[in-house]
Amino acid sequence: MTLMNSFPPALVLLIGAVVALALPGRIRPWATVVAGGVVIIHLFWVLGADATLEVEWLGMTLTPLRVDKLSLVFGYVFAIITLIGGVYALHMRGRGEQVASLLYGGSALGVVFAGDLLTVVAFWELMVVFSAYVILVGGRERSRGAAVRYAFVHLAGGSTLLAGVIWHVADTGSLAFNAFDGGPAAWLVLLGFAVNAAIPPLHAWLSDAYPEASITGAVFLSAFTTKTAVYVLARGFAGWEILLFVGIIMALYGVVYAVLENDVRRLLAYHIISQVGYMVAAIGIGTEMAINGAAAHAFAHVLYKGLLFMGVGAVLYATGKSKLTELGGLGGAMKVTLVLYMVGAFSISAFPLFSGFVSKSLVIYAAEESHIAWAVFLLYGASVGTFLHTGLKLPYFIWGGPQSKEPVRRLPPGMYVAMGAAAFLCIAIGVYPAVLYDALPFAVTYEPYTADHIVSSLALLGFTGLGFWLLLGQLKGEAAITLDTDVSYRKARRPLEALVLSPLTKAFEMAGQAANSVVLAAEWAIASPNGLVRWGRRIPTGTAIVAVLLTAALTVLWSLAR
Amino acid sequence: MKPSRRLLIVVLVGAVVAVLADVLLGGDEAHLWGEGVPGYWAVFGLVWTVVIVVASKWLGRVLLRQPEDFYDDSDADE
């Protein structure tokens with residue numbers, strides 16, 4: 001049994017992907033479900049709680065498996081969302097996306113359980129490739145362009161990470177992936193991680209690409225990339241104060257953009273940035289309570305964000321629409337989806353009895369405990385925005401209003417089952433927080449259900465609702481897009497052409513013309529009836545010999561004179 | 001879209017209940033300036049909602065909003 005005790009969970013999903021590749025189309029979707037189920041069983045019941053695996057490779061000792069409570073809590077939720085996402089995607093027939101999703105999830109597990117930096121980098125780059133592929137086959141008008149931009153940004157981030165790792169190993173002589181002490185190598189690594197954590201201004205790939213994935217792809221995307229980044233930050237950079245500041249900027253940044261956003265999946269994508277901001281800020285605080293908060297919130301987030309993406313994905317599947325200006329009045333036709341979506345919305349908004357209430361409050365409590373009042377103030381403020389958009393604006397403009405008469409496509413049963421399972425877990429964690437708290441890296445001494453916390457949360461959320469009603473006219477979707485930092489590379493073609501490409505092209509053209517004239521001259525000299533060669537033939541031999549001797553004599557004289 | 005009357009009633013009842021509960025049950029543990037004042041979190045929620053919407057809309061107007069075809073001529077594959 002020792003082999004199974006220390007069998008890397010990543011391999012379970014990677015093997016699943018190979019099997020999926022070989023299966024015929026009709027049963028292929030079940031590969032993800034089975035692989036997800038197997039990896040859940042493996043993580044919860046087979047894998048040793050402190051298992052490690054070391055491998056000798058090219059004279060280095062690699063640690064492809066290092067299990068502890070921090071890696072386990074991320075591993076658990078990745079396994080769960082693989083299963084749920086697999087059930088949600090049971091109706092999908094495309095081979096590429098199924099296989100890529102499994103490889104993507106496997107690589108994410110690979111990063112989470114990696115004990116050395118080389119393994120981290122290897123799985124990190126695999127994650128880039130497979131997640132970009134998931135976007136590429138999204139089947140939407142802009143999927144291809146978004147995937148190319150996504151890959152470009154992440155490969156740049158991955159290279160930065162690799163450079164930092166090489167530098168770090170050269171400095172310290174150690175491949176081990178533990179807390180970084182500082183220095184330029186650590187900053188490069190941090191920069192590489194920051195791209196995947198979607199820390200502004202390096203975040204625009206997220207809101208650019210996720211809404212262009214397929215409805216099933218978005219569920220996996222919303223889970224893996226940013227949360228592996230949260231994990232590696234918690235592992236390597238706990239207590240780095242800069243993360244507190246950027247985390248809070250993230251929390252508010254996403255909220256501002258969500259006000260302006262018309263595409264429902266892009267709105268949710270901006271709220272990923274906002275929610276990951278809570279986790280990054282907690283890592284910046286760096287106390288045991290804060291790291292618990294980051295891990296707990298990541299766990300809860302994967303489930304409720306997956307649920308929200310599944311909910312709007314169901315709307316997109318049924319109506320073909322994803323813009324607030326085009327949607328509305330689905331309350332009658334898609335009631336079940338509304339109810340399930342609202343479970344996710346109440347969870348992300350931290351309503352009592354829903355998962356966010358017990359996870360987000362850990363983060364805010366960690367800030368209170370460390371007496372960082374401004375952070376507490378701003379994080380509460382950001383959570384007003386979360387409820388405003390995810391819990392009020394989005395459902396109101398999708399399901400509310402006069403009933404839509406348009407026919408709605410029926411959802412496959414797998415979608416309902418998957419959303420139901422995610423909703424069940426969101427409520428289970430909210431009602432019985434011990435299931436989550438017991439899995440956290442450090443012992444939890446915090447009690448979320450105090451009268452004070454419940455009533456202040458309800459007052460906050462209730463009056464956010466009142467504000468929403470007052471400002472309803474302002475919050476309607478508008479048929480427009482919102483600029484973000486990706487404008488710097490999406491609009492770069494014209495300036496790039498004017499400043500770099502066209503001068504270069506001109507220079508090459510001129511060089512080409514010059515070369516051309518030399519060739520023409522040579523050709524004329526050799527071949528033309530009046531050319532040099534013909535002309536040379538007409539010179540009498542004697543004259544030629546005299547000329548050569550004269551030249552030789554002059555050369556000799558000149559060299560003697562020197 | 002006209003705000004529905006039913007929504008207003010739900011929201012108002014919820015808000016009143018929340019404030020009453022806060023006044024009756026709220027603890028005195030305070031981390032923020034003024035947190036102990038009755039109705040603090042109600043005012044907090046309302047003010048933040050207004051600030052978020054007004055500030056974001058303003059940013060959108062002066063800087064961020066663009067027509068939907070803004071990127072159509074520049075994305076490499078289109």
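Trainee: In this predicted model, which residue of β2(A) does A:Thr52 stand opposite?

Mentor: A:Thr52 stands opposite A:Arg66 in β2(A). The model is predicted, with local features requiring pLDDT of at least 70, side-chain atom pairs counting only at pLDDT 80 or more, and totals for chains, interfaces and linings using all residues. Residues are numbered from 1 along each chain as its sequence is written, while chains are lettered from A and ligands numbered from 1 in the order in which they are written.

Trainee: Why are β1 and β2 of chain A called paired strands?

Mentor: Two strands pair if DSSP finds at least two bridges between them. Strand β1 (residues 52-57) and strand β2 (residues 60-66) of chain A share five bridges in the antiparallel sense, so the definition is met. Strands here are DSSP runs of E with at least two residues, helices are runs of H or I with at least four, and both are numbered from the N terminus.

Trainee: What lies between β1(A) and β2(A) in the hairpin?

Mentor: Two residues lie between them, and A:Leu58 in the turn has a positive phi of about 50 degrees.

Trainee: Which element of chain A has the lowest mean pLDDT?

Mentor: pLDDT is the predictor's confidence in each residue, from 0 to 100. Helix α23 (residues 532-537) of chain A has the lowest mean, 66, and helix α17 (residues 413-431) the highest, 96. Chain A averages 90, and 98% of its residues score at least 70. Where pLDDT is low, the predicted coordinates should not be read in detail.

Trainee: What makes up chain B?

Mentor: Chain B has two helices and one strand, running α-α-β from the N terminus on.
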